[in-house]
Amino acid sequence: MRIRFVVRTWLVAVVVVALGVAGGCAKQVRYGDPKSVETVNIDFGSTDLQVIAEAMTRSLLQSPVVGGGSRPIVTVQDVKNKTSEYIDTRAITDSIRAELLKSGQVRFAVDEVGMDEQIDELERQQSEYYDQEQSAEIGNMVAAQYRLQGSIISIVKEADGVKDVYYKFNLQLWNVRNGLLEWSDEKDIRKTES
Amino acid sequence: MKSSAFPVMIVAVLLAACQTAGEPKPSESCPGFEEAGSTSALEQRKVRYLDQPDVRVVEMRCVRSDGLLRVDVDIVNERPREQRIAYRFEWFEANGMSVDNEEVWKPLLLYPDQLQTIRTVSPGADAQDFRVVIKR
C-alpha cells in the first residue's frame, strides 16, 4: 500500500516537472520587419539580397539606356553563383526585375526560364478548344534588345574565431544586337562574425 | 577684329557670372526647401532619428535629372568611436502619398568622427519627395 503511494507520488511529480519543462521551452513566434537588418548568422541573408537588388535597380535607372525614356525591352539571364554557399540568385534578379517594372522605365521579354511555359500556352491556344480570333498567334513574341547577366563572388577568411566574408555582386546590361556592354555596376558587402 | 571681339567677351563673362549667381545651391533644390525656408529647417523636416543614434545630418544636396531625384546626405559620427547605424529613404509622390517601394534598412559602419555621404536616387519618376530615417 505504501509502495503504491510512493510510486504514484513520483509519477505525478515527474509529469508535473515534464509539463513545466515543456511549457518553459515552448518557442515564441513573432512577426518581424522584413526590411530590417538581419544578422542571425554570417551567411548570405535577406538584407544582402535586398540591398543588392536596390543598389542595382537604382544604378540601372540612371543608365543612359534605361533612363533615356525609351523603355527598352530586356531579358534576364543567369547570375552565376561563384561563392562557396548556396544562394538563390534568381531571387535577386526577380527583385531587380520587379523594382524596374514598378519604375515604368523598362519592359521585360520572356526569359529562358519562362520560355517553356510561354510556348506551351501559345500552342495550347492553337487547339480547337479556343476561339481562334481571340487566340494569340504564333510568331508575334517581341525579342529583347538587351540582356541582363551577372555574377556573385565571395572571399571568406577565418582565423582565431573571427570569420570575415566579402561578397561582390556584378551586374551587366548587354546590347543583344551589337554585343556592346551598355552598363555595368557592382555592389560589395563585408560581414564579420566573431 | 580684336576690338569687336572684346565687348562680346565681356558680355559673355557677365552673362556667365549672372547665371552662376542665379543657380540655386544643391540644398535649395531639395523638395520642400521653399516651405522650410532654410537649410536647417529643411533638415529638420527631412530627417528622422530612431533610437537616438549619435549622428547628425550636416548637409543635404538634391539634383533632378531624367525625371529622377538624386540625393546626397552628409552625416557625421558624433562619437569618438565606431558606430553602427542603419538608414533608409522614404519616398512620396507629389500629392504626399507614399510610394509603394518600401526600402530595406541599410547597415552602415561609421568610423570615429567620420563624415559619410549616403547617396540614393528616387525609385521612379513618381517619387517627388523624400525623408531619410536613421536609426541606431
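Select chain B to begin: of its 136 residues, 25% are buried, and you are looking at a predicted model throughout. With chain B coloured by secondary structure, three helices and seven strands should appear, and if you follow the chain along its sequence they come in the pattern α-α-α-β-β-β-β-β-β-β. If you then draw the contacts within chain B, counting those between residues at least 6 apart in sequence, 64% of them join residues at least 24 apart.

Before moving on, colour chain B by confidence, where the mean pLDDT is 87 and 84% of the residues reach 70 or more. For the complex as a whole, the predictor gives an ipTM of 0.81 and a pTM of 0.83.

Next, show both chains and select the residues that form the contact between them, to which chain B and chain A give 15 residues each. On the side of chain B that touches chain A, the elements that contribute two or more residues are strand S5 (106-110) and strand S6 (115-121) of chain B. Colouring that side of chain B by class should bring up seven nonpolar, three polar and five charged residues.

Now turn to the interior and select the largest nonpolar core, which has 51 residues, and in which A:Ile52 and A:Met56 touch the most other members. In soluble globular proteins, nonpolar side chains tend to be buried together. The element that gives the most to this core is helix H2 (residues 46-61) of chain A, with eight residues.

Stay with H2(A) and place a distance between its first and last C-alpha, which spans 23 Å over 16 residues, close to the 22 Å expected at 1.5 Å a residue. Because 14 of the 16 residues of H2(A) are buried, this helix is largely enclosed by the rest of the structure. Centre the view on A:Ile52 and, setting aside residues up to four places away in sequence, look for what it touches, namely A:Ile92, A:Phe169 and A:Lys187.

For the last stop, select A:Val162, which lies in strand S4 (residues 162-175) of chain A. Is A:Val162 buried or exposed? A:Val162 counts as exposed, because it has 10 C-beta neighbours inside 10 Å, and a residue is exposed at 12 or fewer. Apart from neighbours within four places in sequence, A:Val162 is in contact with A:Thr192 and A:Ser194. Finally, add A:Ala26 to the selection: A:Val162 and A:Ala26 are 136 residues apart in sequence, and their C-alpha atoms are 32 Å apart in space.

Notes: Residues numbered from 1 in each chain as written. Chains lettered and ligands numbered in written order. Predicted model: local features only at pLDDT ≥ 70, side-chain atom pairs only at ≥ 80, totals over all residues. Contact = placed C-beta atoms within 7 Å. Helix = DSSP H or I, 4+ residues; strand = E, 2+ residues; numbered from the N terminus. Nonpolar A, V, L, I, M, F, W, Y, C, P; charged D, E, K, R; others polar. Core = buried A, V, L, I, M, F, W, Y, C linked by C-beta atoms within 7 Å. Buried ≥ 20, exposed ≤ 12 C-beta atoms within 10 Å, placed from the backbone. Expected span 1.5 Å × (residues − 1). pLDDT = per-residue confidence, 0-100.
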